[in-house]
Amino acid sequence: MESKLQIYNSLNRKKEIFEPLNPPHVGMYVCGPTVYGDAHLGHARPAITFDVVFRYLRHLGYKVRYVRNITDVGHLEDDADEGEDKITKKARVEQLEPMEVVKYYTDRYHQNMDQLNILHPSIEPMASGHIIEQIELVKTIMNQGYAYEKDGSVYFDVEKYNKDYHYGKLSGRKLEDLYQYTRELSGQKEKRNSFDFALWKKADPRHIMHWTSPWSEGFPGWHLECSVMSSKYLGERFDIHGGGMDLLFPHHECEIAQSNAATGHDPAKYWMHNNLITVNGQKMGKSLKNFITLNEFFSGEHESLDRAYSPMTIRFFILQAHYRSTLDFSNDALAAAEKGMNKLVDTYRVIDEIKPSDSSSVDVKRFEALCRNAMDDDFNTPVVLAHLFDLSRVINQVYAGKEKLSANDLKFAKDLYSTYLFDLLGIRKEENKTGDTALLNGLMETILKIRQEAKKNKDYTTADYIRDELNKLNIIVKDTPDGAKWEIGR
Ligand code: ZN
């Protein structure tokens, strides 16, 4: 497979030519959501980032097995080893079975993902369905001598591990620095060192979800599930492991430690991390009143929102930044994203209205290499969009009669749009501000024919009536030498 794709590998902190372990197969694992609340922008970004990676790898001809998990167990408050399971807490507060909470929010997560036009992963395993495998991995790590039991809980022995391997290779942290860290937290007395992390936790009486194990009635540590589910479905060594930057430490660092302790090598060849989204320059947080769910974006019902924004506007907004850059949400930024997206989608529609010339006065074929190079450069979606805007300018000049394109080149431009904007960046063709473009186009064609007929019969009352009524709907009708044209007012 001839590919010039370069991926920034968080493990080496540099861009590398992508060479899969077993081409044409590619295994990709991405950490999915914990399902105890509605998805927000912080969920949309990794979902969209790795959806584009998935789409592009398939476009290059790879056979991708994409695994994205659902965390439905053992994920404690503040991602610590202590505290209450978030799902258990929600279940207790709402007097539901934990699995009712899981089902409810998993369904809503899937609905949001479909709205954002995210392709379904190949496998979507749930942590609660892999307790036996998690217990087995704990046993293996204990047998290798890198874990110890204390009062029914099992902890990973980071200090021992670091003598044989390198704890901190992904995050760049040094163990010496970690000695200072969170030593005095309550309930940490069972651990030899504060940075040791739980592989198995004995459940306290409040904990509703628990399972039988050789050590106690309890539940697995959070980091364990991803090690288990990635190796089960992709093998002990696979190509890409992805997730948000917030998961790099401790979650992914711990996954690497678990895999090395169990198998003697790293699980993934490439580690990819999307950066985080800030809101008006601030970190997103439930306590900061800037925590906006996707459903609130789509309905506009949140005090920080000026109005509703469509799922495709959110998608376009996220793709306007490179995935490794921070991205700041504001109403102005979303409005600008919406305007930009509509412009590109409108251009696609305009191509069909252009009368082809015998020859072309501009080169549109060069845009293909530009777009491909941008994607090959670590999935640089903002640069792809910049090229599509340039192409849009060319198309509009042709439409205005200032440049010309042959039938061949018109088709080429249209296919290029379709490939990059719709297939690879995943913008939905039919959705712009009006909803279903194809339906609207058909309706408008019929209405304008009736108006044309009325004018021909000198029935100007009817013709003007149609124009004025459309005007009220913000549809502007213009009479041109080529017949009536329409557009939606800005
Ligand atoms: Zn994970």
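Student: Over how many bridges do β3 and strand β10 pair?
Tutor: Bear in mind that this is a predicted model. β10 covers residues 238-244 and runs parallel to β3. One of the bridge partners is easy to find: Met 28 goes with Ile 240 in β10. The pairing of β3 and β10 counts three bridges.

Student: Which residue in β4 does Met 28 stand opposite?
Tutor: Look at strand β4, residues 63-68, which pairs with β3 in the parallel sense over six bridges. Within β4, the residue opposite Met 28 is Tyr 66.

Student: What is the hand of the β-α-β unit that β3, helix α1 and β4 make?
Tutor: Start at β3, residues 25-30, and go through helix α1, residues 41-59, into β4. β3 and β4 are parallel partners. The hand of this unit is right-handed.

Student: In what order do the strands of the open sheet come?
Tutor: Build it from the pairs: β3 pairs with β4, and β3 also pairs with β10. Then β10 and β11 pair in the parallel sense over six bridges. That gives four strands in the order β4-β3-β10-β11.

Student: Why is one side of β4 and of β11 left without a neighbour in the sheet?
Tutor: The sheet is open and its order is β4-β3-β10-β11. β4 and β11 (268-274) each have a single partner strand, so one side of each has no neighbour in the sheet; both stand at the edges.

Student: Is β3 largely enclosed or left open by the rest of the structure?
Tutor: Count residues with under 20% relative accessible area as buried. Five of the six residues of β3 are buried, so the strand is largely enclosed.

Student: Which residues coordinate the zinc ion?
Tutor: The donor spacing reads C-x194-C-x24-H, so to speak, two cysteines and then a histidine. The donor atoms are SG, SG and NE2, at 2.0 to 2.1 Å. The residues are Cys 31, Cys 226 and His 251.

Student: How many residues apart are Cys 31 and Cys 226?
Tutor: Cys 31 sits in the loop between β3 and α1, whereas Cys 226 belongs to helix α7, residues 222-234. The pair links distant parts of the chain, 195 residues apart.

Student: What is the relative accessible area of Cys 226?
Tutor: Cys 31 is buried, at 10%. Cys 226 is buried too, and its relative accessible area is 1%.

Methods: Residues numbered from 1 in each chain as written. Predicted model: local features only at pLDDT ≥ 70, side-chain atom pairs only at ≥ 80, totals over all residues. Heavy atoms only, no water. Buried < 20%, exposed > 50% of the residue type's maximum accessible area, 1.4 Å probe, protein only. Helix = DSSP H or I, 4+ residues; strand = E, 2+ residues; numbered from the N terminus. Pairing = 2+ DSSP bridges. Right-handed = clockwise from strand over helix to strand, strands pointing away. Donors = N, O, S within 2.8 Å, 3.2 Å for Na, K, Ca; no water.
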